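Hello,

Please find the structure below, with my notes after it. Keep it open while you read.

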Amino acid sequence: MQCIIRCMRMKSYFSKPEGDISSVFASLSGVDFNKPLDDRYAKLKCEIIQNYEQEIIDSWQRLLSVLKEQNSIIRSLKSNIIPQINFNQLENLSNNEIKNEIRTRGVMIIRNVLPEDFALKLKADVEKYIKLNPQTKAFPQEKPVVYELYWSPSQIIARSDHRVLKALNFANSFWHASSTTQIHLDENLMYVDRLRIRPPGDNQFSLGPHVDGGSIERWEDPQYRTCYQQIFQGHWENNDFFDATHRVQANMSLYNTIGGCSAFRSWQGWLSLSTVNPGEGGLLVNPLLKYSTAYWLLRPFLTQDQTSGQWKIDRSSLWQGAIPGRGQEMNETLHPHLELSTSMVSIPCVHPGDMVFWHCDSIHAVDPVHQGQQDSSVFYIPASPLCQINLDYLVQQRYSFEHGIPPPDFPGGQGESQHIGRATPQHIQTMEGRRTMGYQPFTIHSNMTQGQKQIISQANQKLFHN
């Protein structure tokens, strides 16, 4: 019986076709993301805002006014608008002004998470791993930038480092949930992702403004939609973007495609492995979490009368930038009031060992051209707190690790199963790392909430007693 179960699991883990990061985004794969969807999506629009049409129009007018002011602030401050803190401040950080700024901007840089020489050693070792395994898939294949690598020793060592995990827990600490919600924000489950080594001059990995965590799912899935209920009822000012109560039940991958993400990543993030200045192949962000998210979520519901200039409800099946099974994308034509040409700002210079985090609803992009003289290199390491959907994912991911195949959300195939020098669970060097990768039980304490105790009990049962 156990053999049958293992075979069924293996089949499900190989269910996604092979591919690369271009499969996630319509713009990278040449798919038009400005065309109407099926008729059923027109009906979905009516369902979402039924009885709130006038409130939506009124709230849209307020939002456009505020956006204009906020975009002006971004143009004035540019990269200086991004909050920055030092790793050694995290434990005793009592500056509410910095915390509030992080919540407002939806992005932060944590400096000196790892020593620079250690981060550079991780990079040098992963480059050796790539040379040992020339069969590694990448995008673009002829001049690689993003590698389909998940299980190199360097990546495992970085993910299990206690300093990296402390930074992830700090990111999760901005979130909250009801006491009965089955989530533990003090325990992070590792969501394994790729790595990037972008050479100078590259202009092919030109990924424009987008948001991860699904696209049409935010409107289509009832639980996901509930996360934005205030917005869809005309009260975007009251929406809490750090409430995890409904996020833990949201289905962010309704179509089970290569581009889907089935886990709750509270913050996207990466660990820098090189020194990168603005314009040198790094990250661009829109630092207006509340305003920009409310805008692109409301955008499909509104159209402007060409004669009167008045806004009215759009009842078509057009959902700007949303294609089922792909990431949510934005551009100047579809989302003009975001003023993306000036509101997308480069993050300040980062050094090896710094970490960057951006909220899961934040618009972000990549420099269209790498104008620097050195490569721009990162390990993608997001924050993903202990909750049911992340736990279910971790069980599958642990299997993938042990067999060297890509994690469940990513393009399938044999992955690194035949790679020389691939990491094993023995490369996890810390107790915290073993816990975050599913190899060490969690502990229940008396002062925990009902929800925390329940999810820990489920985790220990699912990971160690099935």
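**Backbone angles**

N112 lies in the loop between strand 2 (107-111) and helix 6. Please keep in mind throughout that this is a predicted model. Although N112 is not a glycine, its phi is positive, at about 60 degrees. With a relative accessible area of 45%, N112 is partly exposed.

K78 is another residue with a positive phi, here about 50 degrees, although K78 is not a glycine either. You will find K78 in the loop between helix 4 (53-77) and strand 1 (84-86). Is K78 buried or exposed? Its relative accessibility is 53%, and exposed means over 50%, so K78 counts as exposed.

One peptide bond also belongs here. The bond from F139 to P140 is cis, with omega near -15 degrees. P140 sits in the loop between strand 3 (138-139) and strand 4. The reason for listing such cases is that most residues other than glycine have a negative phi, and most peptide bonds are trans.

**Aromatic pairs**

How many aromatic pairs does the structure hold? There are 18. One of them is formed by W151 and F401, which are stacked: the centres are 4.9 Å apart and the planes meet at 20 degrees. This pair links distant parts of the chain, 250 residues apart, with W151 in the loop between strand 4 (146-147) and helix 7 (153-160) and F401 in helix 14 (residues 388-403). W151 has a relative accessible area of 0%, so W151 is buried. F401 counts as buried because its relative accessibility is 0%.

A second pair to look at is Y191 with F410. Their ring centres are 5.9 Å apart and their planes are at 50 degrees, so this pair is tilted. The tilted pair also links distant parts of the chain: Y191 is in the loop between strand 5 (183-188) and strand 6 (195-198), F410 is in the loop between helix 14 and helix 15 (431-436), and the two positions lie 219 residues apart in numbering. Both Y191 and F410 are buried.

Ring pairs also join F170, F174, W175, F242, F264 and W267 into a cluster.

**Around F401 and R398**

What does F401 touch, not counting residues up to four places away in sequence? The list is W151, I156, R422, A423, T424, P425, I428, M437 and Y439. W151 is thus both a contact of F401 and its stacking partner. For a sense of distance across the model, the C-alpha atoms of F401 and E332 are separated by 40 Å, while the two residues are 69 apart along the chain.

Y439, one of the contacts of F401, also has a charged neighbour. R398 lies over the face of Y439, at 5.9 Å from the ring centre. R398 lies over the face of F464 as well, at 6.0 Å from the centre of that ring.

**Helix 6 against helix 7**

Helix 6 (residues 116-132) packs with helix 7 at an angle of about 150 degrees, and the axes are 8 Å apart. Angles over 145 degrees count as roughly antiparallel, so helix 6 is roughly antiparallel to helix 7. Which residues make the contact? From helix 6 they are F118, L122, D125, V126 and Y129, and from helix 7 they are P153, S154, I157 and A158. By type, these contact residues are seven nonpolar, one polar and one charged.

**Two buried residues**

I56 lies in helix 4. I56 is buried because its relative accessible area is 0%. Leaving aside neighbours within four places in sequence, I56 is in contact with I49, I231, F232, Q233, G234, L298, L302 and I313. The C-alpha atoms of I56 and Q426 are separated by 54 Å, and these residues are 370 apart along the chain.

L90 is in the loop between strand 1 and helix 5 (96-105). Its relative accessibility is 9%, and buried means under 20%, so L90 counts as buried. With neighbours within four places in sequence left aside, L90 is in contact with I85, I110, A167 and F170. F170 is also one of the members of the ring cluster. The C-alpha atoms of L90 and S308, 218 residues apart along the chain, are separated by 53 Å.

Regards

Key
Residues numbered from 1 in each chain as written. Predicted model: local features only at pLDDT ≥ 70, side-chain atom pairs only at ≥ 80, totals over all residues. Heavy atoms only, no water. Phe/Tyr/Trp six-rings, centres within 6.5 Å; stacked < 30°, edge-to-face > 60°. Helix = DSSP H or I, 4+ residues; strand = E, 2+ residues; numbered from the N terminus. Buried < 20%, exposed > 50% of the residue type's maximum accessible area, 1.4 Å probe, protein only. Lys NZ or Arg CZ within 6 Å of the ring centre and 35° of its normal. Axes fitted to C-alpha atoms, helices over the stretch in contact; angles between N-to-C directions. Parallel < 35°, antiparallel > 145°, perpendicular 65-115°, else oblique. Contact = heavy atoms within 4.5 Å. Nonpolar A, V, L, I, M, F, W, Y, C, P; charged D, E, K, R; others polar.
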